[in-house]
Amino acid sequence: MPRNVLSRRALLLCGVVLVLPWTAGAQAAPRLRLRLLETTDLHVNVFPYDYYRDRTDDTVGLAKTANLIAAARAEVPNTLLFDNGDVIQGSPLGDYMAYSRGLKPGEVHPVVAAMNSLGYLCGTLGNHEFNYGLDYLGKALVGQNFPSVCANVLKTDGTPLVPPTRVFTREMVDEAGAKHNLRIGVIGFVPPQILQWDQAHLQGRLTATDIVEAARRHLPQLRAEADIVVALCHSGIAGGEAKPGAENAALHLAQVPGIDAIMTGHQHLVFPGKDFANIPDVDAQRGTLHGMPAVMAGFWGSHLGVIDLTLERRGGAWSVAEFATEARPIYERAADRNVVAKVSASKAVLAAARPEHEATLIYVRQPVGETRAPITSYWALVADDPSVQIVSNAQLWYVRDLAKNAGLGDLPLLSAAAPFKAGGRGGPDYYTDVKPGPVAIKDVADIYLYPNTLRVVKVTGAQLREWLERSAGLFNRIDLASGTDQPLIDPRFPSYNFDVIDGVTYRIDVTQPARYDNDGKVVAPHPGPGLESPAGRPGAGVPGGHQQLPCWWRRPFPGRRWQHDRARSAGPEPRRCCALHRRTEGDRSAGGQQLVPGALARRGAGDAGHRGGRRTLPPAWAARRAARQHAGRLHPVSPQPCRLRRPPAQRRNQTGIPP
């Protein structure tokens, strides 16, 4: 039999084969999996509880998110937790702490106490952090066992309100079991519009700069000190060209060199997800902004944002080799739209805030008045609505004498209010529903959610028209030639941007394209400040060349009589009107900026406290109505009550209101 002989040549070749795998392994770059977790827009929702309806709610609560955090940490040992802002304001628990109980030096805010039990690495400031003033914010921040960063907010002396950046060194374990000290750089941002929205608290005390500008200023140094950089951007995702001072700047921030991952928020939406489909340079499925991993974790604890980074170390530096993103929900809706909880609540988180939670229940159940009729918002987007009207009336009552004392008594006083709870993005049960009988603090908070600041401003007719055009973006364009049902409401449009203004008459033609998109950017043409008159001269017969105040027909509730308001003016050529201004959370915007400073105002004589019916203009304006030409969706006043230009049967199908 032949013998198997291993020659010297064969032995050498075999040696090469045996040695090569060992040599390749020795030269392989270390790989390390790092998981980044995000909570955002918690708004003091610790317990899974709806304080407005006084019942449990499985769609909210950091106590629920806490168990998602625990599960995510168990999957990947190298895990870091961040918060993206809007923590201390936004629920009755927050208002109770700020307005009733207060924070004494050394006390810990209940939502902060809950967060302290979860091991956050770092957080940033949201715009609502400033709603209660800087002194209150300072007390809340002192109680955190983790730092906050914000790079675009400065004191008037040029020093930062909180550190713009931080670098943390944490021991991480790579895939081979070796340990490494990883340096994590963190930078934070907030919308610069805080100076408008909380002017009463911040004027003369803070300045705010553009988010992208601040990033370019601070990132070079941070990048030099850190192995990876995480941006906590309390700002949303919006397409279009970058503009200075943009409110939703996360997409443009992703183009600034030096960032490895972005945590976003502010918009109360979910990313990755369909909310951001069809935006250029946004991959709504993969979860990237200009190719960079990003996440937005809903609101009120509804989701946990997860970014997984696979890091490789080459040439002495770590870099991102692979990544994945997701937003994990605490609940889901069944086929019948009922809520199905996916996790239970963390007992440790509940215990951290329980005393203040129970005190809040006592607080919100205190009666403050009574109502003989229900106050609901079920039809707020399509019909006369009591939840909006009561806010408008309250604003007028409060400001009427103040306006006179300020020398504004001769100007028409208008009032703008919007429905905060109207389903849509908040869910199918997100409505105000106050039953007849005693009215408690929780009911008042249910009608008006935010601690906004009231302002009185002067606006021109042209500005007011643009304002109304922005509100008209709520409605989809209706094709009268179509033989099928068409949705009237754009579900992406936030209901709090749907300002209804008392004291002027206007109608919306939904067969015309919307002038503004959902981000407040102009997308449809407009004739300009002067409309073409019958004589062919722009602005002829229009005071100062301004457009007329438009008209909008709204049908009252059944059984209500048509009411009439008269806007009064000091003279025959009213060029301006006086409006109350609500400094809001900032979502009334055009092109990322606030279009006009908000508005509220006075009801005319003889009004019975409801918005239905035909409105009339000052005589000088009404006399010129025939000289007006249609522009955008807003139509001039006609001698008869105006109607939405939709077939009656279609209106019944879409709104349930008879024509």
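Here are some exercises with worked solutions on a predicted model.

**Exercise 1. Helix α3 and its surroundings**

Task: Find which residues of helix α3 are buried, and which helices they pack against.

Solution:
- Begin with the limits of the helix: α3 covers residues 92-101.
- Next, pick out its buried residues, which are P92, L93, G94, D95, Y96 and M97.
- Now look at what surrounds them. These buried residues pack against α4 (110-116), α5 (134-142), α10 (347-364) and α12 (441-447).
- Finish at the end of the helix, where G102 follows α3 with a positive phi, near 80°.

**Exercise 2. How α3 meets α10**

Task: Describe the packing of α3 on α10 by the approach and crossing of their axes, then list the residues that make the contact.

Solution:
- Two values are needed, since a packed pair of helices is described by the angle between the axes and the distance between them.
- The axes of α3 and α10 come within 9 Å and cross at roughly 80°.
- Angles of 65 to 115 degrees count as roughly perpendicular, and α3 is therefore roughly perpendicular to α10.
- On the α3 side, the contact is made by P92, L93, Y96, M97, S100 and R101. On the α10 side, E356, H357, A359, T360, Y363 and V364 take part.
- Sorted by character, the residues of this contact are seven nonpolar, three polar and two charged.

**Exercise 3. The setting of T59**

Task: Decide whether T59 is buried or exposed, and work out what its side chain and the residue as a whole touch.

Solution:
- Locate the residue: T59 sits in the loop between β3 (55-56) and α2 (62-75).
- Check its accessibility. The limit for buried is under 20%, and T59, at 13% relative accessibility, therefore counts as buried.
- Turn to the side chain, which makes a polar contact of 2.7 Å with the side chain of D57.
- Then set aside neighbours within four places in sequence: T59 is in contact with S302, I330, Y331, R333 and V339.

**Exercise 4. Aromatic pairs**

Task: Classify the ring pairs Y132 with Y136 and F420 with Y448, and place their residues as buried or partly exposed.

Solution:
- For orientation, the model holds 11 aromatic pairs.
- In the pair of Y132 and Y136, the ring centres are 5.3 Å apart and the planes stand at 80°, so this is an edge-to-face pair.
- Y132 counts as buried at 10% relative accessibility, and Y136 is buried with a relative accessible area of 9%.
- In the pair of F420 and Y448, the centres are 4.8 Å apart and the planes stand at 85°, so this pair is edge-to-face too.
- The pair links distant parts of the chain, 28 residues apart: F420 lies in the loop between β23 (413-417) and β24 (433-434), and Y448 in the loop between α12 and β26 (453-460).
- F420 is buried at 6% relative accessibility, whereas Y448 is partly exposed at 21%.
- To round off, Y132 and Y136 belong to one aromatic cluster with Y99.

**Exercise 5. A residue in strand β18**

Task: Find how far A324 is from R286 in sequence and in space, and which residues A324 touches.

Solution:
- A324 is found in strand β18 (residues 317-329), and it counts as partly exposed at 39% relative accessibility.
- Compare the two separations: A324 and R286 are 38 residues apart in sequence, with a C-alpha to C-alpha distance of 7.3 Å.
- Leaving out residues up to four places away in sequence, A324 touches V306, I307 and D308.

**Exercise 6. Backbone exceptions**

Task: Describe the peptide bond between F271 and P272, and the phi values of H290 and W300.

Solution:
- Recall the background first: most peptide bonds are trans, and most residues other than glycine have a negative phi.
- F271 and P272 are joined by a cis peptide bond with omega of about 0°. P272 is in the loop between β13 (270-271) and β14 (282-283).
- H290, which is not a glycine, has a positive phi near 50°. H290 lies in the loop between β15 (288-289) and β16 (292-297) and is partly exposed, with a relative accessible area of 30%.
- W300 is not a glycine either, and its phi is positive, about 60°. W300 lies in the loop between β16 and β17 (303-314) and is buried, with a relative accessible area of 16%.

Terms used:
Residues numbered from 1 in each chain as written. Predicted model: local features only at pLDDT ≥ 70, side-chain atom pairs only at ≥ 80, totals over all residues. Heavy atoms only, no water. Buried < 20%, exposed > 50% of the residue type's maximum accessible area, 1.4 Å probe, protein only. Helix = DSSP H or I, 4+ residues; strand = E, 2+ residues; numbered from the N terminus. Contact = heavy atoms within 4.5 Å. Polar contact = N/O pair within 3.5 Å; in protein donor to acceptor, adjacent residues only side chain to side chain. Axes fitted to C-alpha atoms, helices over the stretch in contact; angles between N-to-C directions. Parallel < 35°, antiparallel > 145°, perpendicular 65-115°, else oblique. Nonpolar A, V, L, I, M, F, W, Y, C, P; charged D, E, K, R; others polar. Phe/Tyr/Trp six-rings, centres within 6.5 Å; stacked < 30°, edge-to-face > 60°.
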